[in-house]
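Here are a few worked exercises for you to try against the model. Have a go at each task before you read the solution.

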Amino acid sequence: MDKVFIEDLGIETVIGAYDWERSIRQHVVLDIRMDYDCRKAGVSDALADALDYNAVAKAVTAHVEAAQCELVEALAEQVAQLVLREFAVERVRVQLRKPGAVGHARAVGVDIERTRS
């Protein structure tokens, strides 16, 4: 299966389980990989036949900016479900990183994969 991906999508949001985290916005970074058959778009060269990754990025950004999750697991799950619900993909993989959350580590996060059921 073909893959359409968005890499290093940086978004500011409220995320964290500690009281001090609930009053600030923090940076999260997402990589989104979607199973999508690109053959029709490859032949037609028409956006109408493609998975519009700009539309995916805008929808994900709007959701994440408004979300106020405590856990990266919850936010990643919400993003995966949003993509499956709003776009014609059968499978999505979401890697969500929270840079600077742990000292001496570039980032922490989760990497999940969900399929349309």
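**Exercise 1. Work out how helices α2 and α3 pack.**

Start with the handedness: α2 and α3 cross in a right-handed way. (A crossing is right-handed if the near helix is turned clockwise from the far one by less than a right angle, and left-handed if anticlockwise.) By the way, this is a predicted model, where local features need pLDDT of at least 70 and side-chain atom pairs count only at pLDDT 80 or more, while totals for chains, interfaces and linings use all residues. Residues are numbered from 1 along each chain as its sequence is written, and side-chain values use heavy atoms, with hydrogens and water left out.

Next, the geometry. Two packed helices are described by the angle between their axes and the distance between the axes. For α2 and α3 the angle is about 140 degrees and the axes are 10 Å apart. Axes here are lines fitted to C-alpha atoms, for helices over the stretch in contact, and angles run from 0 to 180 degrees between N-to-C directions. The two helices are therefore oblique to each other, given that angles under 35 degrees count as roughly parallel, over 145 as roughly antiparallel, 65 to 115 as roughly perpendicular and the rest as oblique.

Last, who touches whom? V56, A59, V60, H63 and V64 from α2 meet L75, Q78, V79, L82, V83 and E86 from α3; contact means heavy atoms within 4.5 Å. Sorted by type, the residues of this contact are 8 nonpolar, 2 polar and 1 charged. (Ala, Val, Leu, Ile, Met, Phe, Trp, Tyr, Cys and Pro count as nonpolar, Asp, Glu, Lys and Arg as charged, and the others, Gly among them, as polar.)

**Exercise 2. Lay out the sheet and place the helices on it.**

First, list the elements: the protein has 3 helices and 5 strands, running β-β-α-α-β-α-β-β from the N terminus on. Helices (H or I, at least four residues) and strands (E, at least two) are DSSP runs, numbered from the N terminus.

Then order the strands. The open sheet reads β3-β1-β2-β4-β5, with mixed pairing; two strands pair if DSSP finds at least two bridges between them. At the edges sit β3 (68-69) and β5 (107-115), each pairing on one side only.

Now add the helices. Helix α2 (residues 53-66) packs on the sheet, touching β1 (3-15), β2 and β3, and its direction makes about 20 degrees with that of β1. Helix α3 (residues 72-86) packs there too, touching β1, β2, β3, β4 and β5, at about 35 degrees to the direction of β5.

**Exercise 3. Follow strand β4: what are its partners, and which side chains are buried?**

Take β2 (residues 26-35) first: 6 bridges join it to β4 (residues 91-99), and the two run antiparallel. I32 is bridged to V94 of β4. With β5, β4 pairs in the antiparallel sense over 9 bridges, and Q95 has D111 as its bridge partner in β5.

For the side chains, V92, V94, L96 and K98 point to one face and are buried, while R91, R93, Q95, R97 and P99 point to the other and are not. Buried means under 20% relative accessible area, exposed over 50%, partly exposed in between (1.4 Å probe, protein chains only).
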